[in-house]
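Work through these exercises with the model open beside you. Try each task before you read its solution.

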Amino acid sequence: MSIDIKVVFPNVYDAAKIVNYMEQIGKESDFLSFGEEGPQMTLSKEIGYIQHLQEENTKSFMLLFKKGEEIVGITTISIREDRPRMSHFGILGISILKKYWGLGYGNFLMEETLKISKERGIKKINLEVRTDNERAIKLYNKYNFEIEGKIIKNTFINNEYFDCYMMGREI
Ligand SMILES: CC(C)(COP(=O)(O)OP(=O)(O)OC[C@H]1O[C@@H](n2cnc3c(N)ncnc32)[C@H](O)[C@@H]1OP(=O)(O)O)[C@@H](O)C(=O)NCCC(=O)NCCS
């Protein structure tokens, strides 16, 4: 599929846009670990995180998907770099601005993220997804993620508990 978005690793000049993006998707989706309150990420924390990702031996990464200068989606692969026993796997985070949902961008983000994960020698990707997030589960199934477990009452939103699946795939 040809999609007119470019894929870049973030630099510190993207930090403010990333903070704004995270605040916006928190308002647009109930399927994330944060909501309207945002991820509580300050500009200086975001800059620090980007600098950490730029260090030579860091396997964790973030990809920005941009249409012109607008960030339309972000993926992250987070690795416990400080724990050699656990640094073979990464935890996937994926989101897209609501106005671009359902247009095939999710497929594109997933393919790019799997490609870079493989290049970095990551052996497995794990993720957590709300059991009622049909759109995301469909995307994960399509890319061969399998349900490996279920956590009951994983999030609490507007006085309601939601379960999540643990999903994973080897790469
Ligand atoms: C989940 C998310 C990344 C998917 O991205 P997307 O661009 O909307 O998905 P795509 O258009 O690429 O579609 C991916 C698959 O989901 C399916 N899908 C799309 N809309 C759907 C819907 N409303 N219901 C069920 N499945 C749907 C598509 O059929 C597609 O499979 P196909 O290519 O075989 O047809 C995006 O919707 C999002 O950011 N949601 C909010 C945040 C979130 O839930 N993140 C995941 C947390 S675990």
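**Exercise 1.** What span should the 12 residues of helix α2 (residues 43–54) have at 1.5 Å a residue, and how far apart are its end C-alpha atoms?

*Solution.* Start with the ground rules. This is a predicted model, where local features need pLDDT of at least 70, side-chain atom pairs count only at pLDDT 80 or more, and totals for chains, interfaces and linings use all residues. Residues are numbered from 1 along each chain as its sequence is written, and side-chain values use heavy atoms, leaving out hydrogens and water.
- Helices (H or I, at least four residues) and strands (E, at least two) are DSSP runs, numbered from the N terminus.
- The expected span is 1.5 Å times one less than the number of residues.
- For α2 that gives 16 Å.
- The end C-alpha atoms of α2 are 17 Å apart, which agrees.

**Exercise 2.** Find the buried residues of α2.

*Solution.*
- Buried means under 20% relative accessible area, exposed over 50%, and partly exposed in between (1.4 Å probe, protein chains only).
- In α2, E46, I50 and L53 are buried.
- Down the axis of α2, these residues fall within an arc of 60 degrees, so they line one face of the helix. The arc is taken from the directions from the helix axis to the C-beta atoms.
- Their cover includes α1 (15–28) and β2 (61–67). It is judged by contact, meaning heavy atoms within 4.5 Å.

**Exercise 3.** Describe how α1 and α2 pack.

*Solution.*
- Two packed helices are described by the angle between their axes and the distance between the axes.
- Axes are lines fitted to C-alpha atoms, for helices over the stretch in contact, and angles run from 0 to 180 degrees between N-to-C directions.
- For α1 and α2 the angle is about 115 degrees, and the axes are 9 Å apart.
- That makes α1 roughly perpendicular to α2. Under 35 degrees counts as roughly parallel, over 145 as roughly antiparallel, 65 to 115 as roughly perpendicular and the rest as oblique.
- A15, A16, I18 and V19 of α1 meet L43, E46, I47 and I50 of α2 in this contact.

**Exercise 4.** Look at phi in K153 and N158. Is each residue buried or exposed?

*Solution.*
- Most residues other than glycine have a negative phi.
- K153, not a glycine, has a positive phi of about 55 degrees. K153 lies in strand β6 (residues 146–157).
- K153 is exposed, with a relative accessible area of 52%.
- N158, also a residue other than glycine, has a positive phi near 50 degrees. N158 sits in the loop between β6 and β7 (160–170).
- N158 is exposed, with a relative accessible area of 67%.
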